[in-house]
Amino acid sequence: RLVPVFGANITCWQMQEFYESVDIDKNSQNCALAQKMNFICGCDGTGYAGANTEAKQAVLAWLPRMMAILSIFVCFLVDYRFR
């Protein structure tokens, strides 16, 4: 899998090799970033807001989209109602 956060054509194994070869403090930003992005490579952890199944990840991906559509619909409804 490719990791889009770190640039084009960076694979999971390249990212893993980097983090294993460099001594990174567990309280650093780089460590926090790696832990947050681990879902891309299929790793367990706190990434993707704790969603540990594809169904939960799909809900997290689509929820903001659906809320945006609902918001636009309500705006049009309110505008139509009070004209």
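## Helix H3 and its nonpolar patch

Let's start with Val59, a residue of helix H3, which covers residues 54-81. This is a predicted model. Val59 helps to make a nonpolar surface patch of about 890 Å². Its partners in that patch are Leu63, Met67, Leu70, Phe73, Val74, Leu77, Val78 and Phe82.

Helix H3 itself is 28 residues in length. From its first C-alpha to its last it reaches 40 Å, which is close to the 40 Å expected at 1.5 Å a residue. If you follow H3 along its path, look for a kink of about 30 degrees at Trp62. Shortly after that point comes the proline Pro64.

## The overall plan

Stepping back, the protein has 3 helices and 0 strands. Reading along the sequence gives the pattern α-α-α. The protein has 83 residues, and 14% of them count as buried.

## Two sides of helix H1

Now turn to helix H1, made of residues 12-21. Which of its residues are buried? They are Cys12, Met15 and Tyr19. Seen down the axis of H1, these buried residues fall within an arc of 65 degrees, so they line one face of the helix.

The face of H1 turned away from the buried side has another set of residues to look at. There you will find Trp13, Glu20 and Ser21, which are exposed.

## Asn30 in helix H2

Helix H2 spans residues 29-36, and Asn30 is found in it. How exposed is Asn30? Its relative accessible area is 42%, so Asn30 counts as partly exposed, a class that lies between the cut-offs of 20% and 50%.

Asn30 also offers a handy way to relate H2 to a residue we have already met, Tyr19 of H1. Along the chain, Asn30 and Tyr19 are 11 residues apart, and 8.9 Å separates their C-alpha atoms.

Notes. Residues numbered from 1 in each chain as written. Predicted model: local features only at pLDDT ≥ 70, side-chain atom pairs only at ≥ 80, totals over all residues. Heavy atoms only, no water. Patch = residues over 30% accessible without salt bridge, like charges linked within 9 Å, V, L, I, M, F, W, Y side chains within 5 Å. Areas by Shrake-Rupley, 256 points an atom, 1.4 Å probe, with all protein chains shown as cover. Salt bridge = Lys/Arg side-chain N within 4 Å of Asp/Glu carboxyl O. Helix = DSSP H or I, 4+ residues; strand = E, 2+ residues; numbered from the N terminus. Buried < 20%, exposed > 50% of the residue type's maximum accessible area, 1.4 Å probe, protein only. Arc of directions from axis to C-beta. Expected span 1.5 Å × (residues − 1). Bend = angle between axes of the 7 residues up to and from the residue.
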